[in-house]
Each structure stands twice: as C-alpha cells, then as structure tokens.
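User: Got a model here with a ligand in it. Can you walk me through the site?

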Amino acid sequence: MAFLTLEDIDTAVQVIQEKTPIKPRIGMILGSGLGPLADSVESAVKFSSQDIPGWPASTVEGHAGLLVCGELEGQSVFVLQGRAHYYEGVSMAQIGLPVRVMQRMGVEILIVTNAAGAVNPDFIPGDLMLITDHINLIGMAGLTPLRGPNLAEYGPRFPDMSQVYDRDLSALAREIATEAEIPLREGVYICLGGPAFETPADLRFLRGIGVDAVGMSTVAEAIVARHGGMRVLGVSGISNKANLDGETITTHEEVLEAGKVITPRLSVLIRGVLRQL
Ligand code: HPA
C-alpha cells in the first residue's frame, strides 16, 4: 500500500462498524509494554490486524496488535493495543490507516504513547514525559504518511504543525499528574527509523539538535491526526537511558521491563485525563 485512498479507509471502517455500533470520541495508541490499559476497556469488541483489510500488523514482542473498541472512564474509546512500526516493513501510508479510520469514525482526540530512550541526562527509566513537540527527522527526508495524493476530505495539502501537541490537553495532563503525585517530565520527542538502537555518536547528535527522548513511532501518527484536525496528547514512557557514554547497553527486554513501572503511572494519568474530557 503506497498511498491511502478514501476506499481503503471506508473499507476498514465498514468492517469495524459491522461488529460494533461504537462512535468513539477518543482514540488511543499504546506503545511497547504499555498495552495493559487496553485490557481494562469495558464492553470491549476486539479486532486483530488480520480482521481489517490493510491494517498494519505488529510483529514485535510487547505489542499485542489488537484494536479494542469500548468504554473507559465513561468515554467511548478506540484503542490500538500495540502498533506497527516502519522498521517492520509496513508502509508509512499503512501506519496512517488506523488514525484515518479513527477520524472517519468521529474521533476528535488522539492520545499517543510510546516507550522512548532518555536523551536528556536528567531523565531516568520509569519517568513519564509529556511530549511538547517532535522533530520529524525521517519526515524531513521524505518518509511521511502524507506523501501521495492529498486526501482533501481529511485535511489540507500543507498542514500546519506549529502546535502538534495540544496545549489544553497538555495542561490537563499536568494537572492530573500533579494531583496524583506522578512526576511528569516534558520535552521533545524524535522518531528514528530503527530497529537498531542509536550509537553514542547518534545520541550526541540528537542531544545537540534539542531532543529529550528518542523512539521509533508516534510522529507519523501525530502528523496524520493533525492533518485531519484532531487534538493530540502525547506521552512517552522513558524505558532506558540512552547510551551517550558508550558504556550502557540498550535492550528490548529493558524496554519491556520499564513498561512494568511505566504502565501503572500511565494508566493513572490517562484515566484521569479521560475522566475530565
Ligand atoms: N532508542 C530508540 N527507541 C527506543 C529506545 C531507545 O533508546 N527505547 C525505547 N524505544
């Protein structure tokens, strides 16, 4: 799938609507090791990626690769429990499909989460980081889900990206974190292609260009969401210290392990946000 068409989106929506009458207002994409929140969705109707034509399949451990529709904290939600990444071989267009489907079904707010490495030396594994902005490095080189004919029904050819992560939603997340005494860092996220983790030289470069946390997802989804006029809240779970000194080794096991600390914190934060929306 090189580019998404209106038919691709409508077909996927139809398959979902045959099984559930849900009209979700809120979409959520839950990253590495952060999936358990989706298990508490009530009246859940679940789809695996094979159920929906074109849906990007997740092959990574820690990503269940399910779509869960139901209720959470009184809100009707559309939750991706695990996501597919560009390095898995799916196209950028496919990565955008779940977000387009959300838009088509009426989702107004997208909450995106991911596991990320700390480039900011003050961050420690287990921290949550409110994403205040991102650097679209691979998009700058042309890898963007908006490549191809513009879907004018969804948004403009040249969408504004001056405020990708919504200020009001961010303010709400800060309030909830303060009330719940969850430390909430803030910073700039960058998506790299992966799957190889960064070299120390990569990380010095990232630090130099103003990155606080590095991962392999989220940016493409946020861009599609903004193109379509959705409001976006982004939170990274810091799973590891980046390997700036060349002494620290980064592993996927470490990322999943940190998820166990991050998941309960993130659940409290997201549930709190949902209650206030
Ligand atoms: N680098 C890139 N992606 C990641 C990392 C990292 O250190 N940790 C979790 N996802």
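**The ligand and its pocket**

Analyst: Sure. The ligand takes up the space of the largest pocket. Keep in mind that this is a predicted model.

User: Which elements give two or more residues to the shell around the ligand?

Analyst: Those are strand S5 (109–118), strand S8 (213–215) and strand S9 (231–241). S5 has the largest share of that shell, with three residues.

User: And which residues surround the ligand?

Analyst: Among them are Ala115, Ala116, Gly117, Phe197, Glu198, Met216 and Val255. Sorted by class, the shell has six nonpolar, four polar and one charged residues.

User: What lies 2.8 Å from a nitrogen atom of the ligand?

Analyst: That's a polar side-chain atom of glutamate 198. The backbone joins in too: an N or O atom of alanine 115 is 3.4 Å from a ligand nitrogen, and a polar backbone atom of glycine 117 is 3.3 Å from a ligand nitrogen.

User: How much of the ligand does the protein bury?

Analyst: 95% of the 260 Å² that the ligand exposes when taken alone.

User: OK, switching to the pocket itself. How much space lies in the largest pocket?

Analyst: About 310 Å³. Its lining is made up of 22 residues, and Ser32, Ala115, Phe197, Met216 and Val255 lie nearest the centre.

User: What's the lining like by class?

Analyst: Nine nonpolar, 11 polar and two charged residues.

User: Which element has the largest share there?

Analyst: S5, with four residues of the lining. S8, S9 and helix H7 (252–276) each supply at least two.

Notes: Residues numbered from 1 in each chain as written. Predicted model: local features only at pLDDT ≥ 70, side-chain atom pairs only at ≥ 80, totals over all residues. Heavy atoms only, no water. Near = heavy atom within 4 Å. Polar contact = N/O pair within 3.5 Å; in protein donor to acceptor, adjacent residues only side chain to side chain. Areas by Shrake-Rupley, 256 points an atom, 1.4 Å probe, with all protein chains shown as cover. 1 Å grid on protein atoms, 1.4 Å probe; cavity = no way out; pocket = protein on both sides within 12 Å on 5 of 7 lines; lining within 4 Å. Sits in = over half its atoms within 2 Å of the grid points. Nonpolar A, V, L, I, M, F, W, Y, C, P; charged D, E, K, R; others polar. Points joined across faces, edges and corners; volume = space filled by probe spheres on them.
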